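Me: Before I rely on any of the labels attached to this model, I would like to see the reasoning behind them. Could you take me through it, one label at a time?

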Amino acid sequence: MSNIISKETPSDGRLASRVLHWFDQRTGIKKLTATALDEPIPGGARWAYVFGSGLLFIFLLQVITGVCLALYYTPTAETAHTSVAYITKQVAGGAFLRSLHSYGSSAMIIVLALHFLQTFLYGAFKGRRELLWMSGALLSFLVLGMGFTGYLLPWDQKAYFATAVGTNVAGQVPFIGSFLTRMLRGGDTIGTLTLSRFYVGHVFLIPGFIFLFVGAHILLFRKAGPAGPIHEDPVAPKLPTEPFYPRQVFFDMGFALLIIAALAGLAYLRPVTLGPIANPADSHFLPRPEWYYLPMFQWLKYWEGPGVIIGILVIPGLLAACLFLMPFLDRRLERRIWRRPIPALAVTIVVFGMVYLGVKSQLDDTEGSAAQQLAQQREDEKAFSVAPFEPYTKPVAATSVPTPSAKAADPLVAKGKDIFSDRGCNACHGDNGVGTPLAPSLTGITRKYPQDRLVALLHSPNARMKAGGMPAVDATPDEMNALLAYLKTLGAAPANSAASLHSPADAPKGTTTLPNGD
Ligand code: HEC
């Protein structure tokens, strides 16, 4: 027995090499790394090839910083914002960590764009690389999904309102629109259920799919091999090759170092801010998405009325289809971009179109009342970011917004409530009709007017209502009944309703404080 072992083990080796040998016999790791590092690159290593591994590097960085953030983060409407404030204001290095993660998401988009442009311009998707390209296209959408789901998690004003806009867009899809919006939100409103959906998507589902498709992408890449420079035959490369290691590995590592240096520098010098907690009743807040969603944001402004479907579904759908099917559309083996005028022109138009839309949306915001409001929002955000940390305390019953939650159990009332928010009444009159600077409170409205008078008023608003922008309520008798039933629950006069919250029957669950409990 000992003879056999000593034959296989380098007896003169140092401990490290003997351990490696032991490990290799059981895993075949040496052969594995050799195959990984010997990958032949036709035409040799180049800086142009660093973007793919750069993306993998950023993804791993996002996973690591994300896991660290998840140690503190709690995905509920009550606590999410406080937990993020805790991370940025209390946790050692927390602001840096969160900034790395936030800038990391932007870096991901930039490097993704570079990776796309490089493979496109070099025609590196040609020659039996259709699946490789399509897995990459799918990964791009997953990355955008990460941006969308991650944006809500801090639960500050901009997170809340950007998500309101984003999920509303889905509502414009014909037939299944309201179903889509409800599915994204986990109900009618944006609240804890929405947060937990976005959290699960951001932390489990989408990253899981990204891991899966990164694996597939790399596997397919290794199967096809690097396409090499632009003159190379993509199916049967003829140029002399150079192995992946050492030069390409050093280029890739150099690029990774550049990325981490840039991200760390930014995170240190310009830590990302956190705005005040989401306030759904704020009707003045102007939502703006993350910069890479600005072109889409601007694009959607141009589409209204019946044509909206073309803007939100048909054209983006066609573009996405073209992206996915690029290897089938641009089929010839010709790789040189100047010999592929149509794809080159198409991509140029799309890229310039997106840049134009993004810049336009920024320029539109530099003028008028929007500019003022946005400046105010930035001020508020800065002010909250530098304010000292305040721990979460359960809201005291008497100061919470009166919610007719006990009565909302009635299906007619619930339907009325849906109509109230679907028709955007809450946008002006506030959630639960508490009133906003735009429109008066509707509390006690069913006592103020007799029912027929109220119905008439809703069907044809008076001059002052029209002047305030209130649309006529175009509803079936059933819908009107539901709306009235809901308005009735807003019945109590404000003073009474605050008092009524003290009675256990009316108090919304979970908002009462424990006696000396906290
Ligand atoms: C664009 C903003 C806006 C929207 C949306 C809106 N309203 Fe109004 N509403 C107003 C304004 C402004 C007034 C009050 C005008 C005045 O009397 O000064 C008003 C008045 C009313 C009144 C009369 C209040 C009173 O005390 O006389 C009722 C009832 C009412 N709205 C119900 C609704 C319902 C129901 C919806 C949803 C279908 C709705 N509003 C949507 C702006 C809005």
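The exchange below goes through the metal site, the shell around the ligand, and burial.

Reply: Gladly, with the caution that this is a predicted model.

Me: Which residues coordinate the iron atom of the ligand, and through which atoms?

Reply: His429 coordinates the iron atom of the ligand through NE2 and Met470 does so through SD, at 2.0 to 2.1 Å, and donors are counted within 2.8 Å of the metal. The pair links distant parts of the chain, since His429 belongs to helix H17 (residues 425–429), while Met470 sits in the loop between helix H20 (463–467) and helix H21 (477–489), 41 residues apart.

Me: What makes the arrangement around the iron atom of the ligand octahedral?

Reply: There are 6 donor atoms around the iron atom of the ligand, and the angles they subtend run from 88 to 179°, so the arrangement is octahedral. The definition asks that, of six donors, opposite ones be over 155 degrees apart and all others between 65 and 115. For reference, the ideal angles for six octahedral donors are 90 or 180 degrees.

Me: Why is His429 called buried?

Reply: The relative accessibility of His429 is 9%, and buried means under 20%; His429 therefore counts as buried.

Me: How do you know that polar side-chain atoms of Lys448 and Tyr449 make polar contacts with the ligand?

Reply: The cut-off for such a pair of N or O atoms is within 3.5 Å. An N or O atom in the side chain of Lys448 is 2.7 Å from an oxygen atom of the ligand, and a polar side-chain atom of Tyr449 lies 2.5 Å from an oxygen atom of the ligand.

Me: Which helix gives the most to the shell around the ligand?

Reply: That is H17, with 3 residues, and H17, helix H18 (445–448), helix H19 (451–459) and H20 each supply at least two residues of the shell. In total, 22 residues surround the ligand, and the closest are Cys425, Cys428, His429, Tyr449 and Met470. By class, the shell has 15 nonpolar, 4 polar and 3 charged residues.

Me: What makes Ser361 count as buried, and where does Ser361 lie?

Reply: Ser361 lies in helix H14 (residues 341–364), and with a relative accessibility of 0%, set against the limit of under 20%, Ser361 counts as buried. Leaving aside neighbours within four places in sequence, Ser361 is in contact with Leu294 and Gln298.

Me: How many of the 518 residues in the chain, as a percentage, are buried?

Reply: Buried residues make up 38% of them, in a chain that has 22 helices and 2 strands.

Methods. Residues are numbered from 1 along each chain as its sequence is written. This is a predicted model: local features need pLDDT of at least 70, side-chain atom pairs count only at pLDDT 80 or more; totals for chains, interfaces and linings use all residues. Side-chain values use heavy atoms; hydrogens and water are left out. Donors are N, O and S atoms within 2.8 Å of the metal (3.2 Å for Na, K and Ca); water is not among the atoms, so sites may look incomplete. Four donors count as tetrahedral if all angles lie between 85 and 135 degrees; four count as square planar and six as octahedral if opposite donors are over 155 degrees apart and all others between 65 and 115; anything else is irregular. Helices (H or I, at least four residues) and strands (E, at least two) are DSSP runs, numbered from the N terminus. Buried means under 20% relative accessible area, exposed over 50%, partly exposed in between (1.4 Å probe, protein chains only). A residue is near a molecule or strand if one of its heavy atoms lies within 4 Å of it. A polar contact is a pair of N or O atoms within 3.5 Å; within protein, one must be able to donate a hydrogen and the other to accept it, and residues adjacent in sequence count only if both atoms are side-chain atoms. Ala, Val, Leu, Ile, Met, Phe, Trp, Tyr, Cys and Pro count as nonpolar, Asp, Glu, Lys and Arg as charged, and the others, Gly among them, as polar. Contact means heavy atoms within 4.5 Å.
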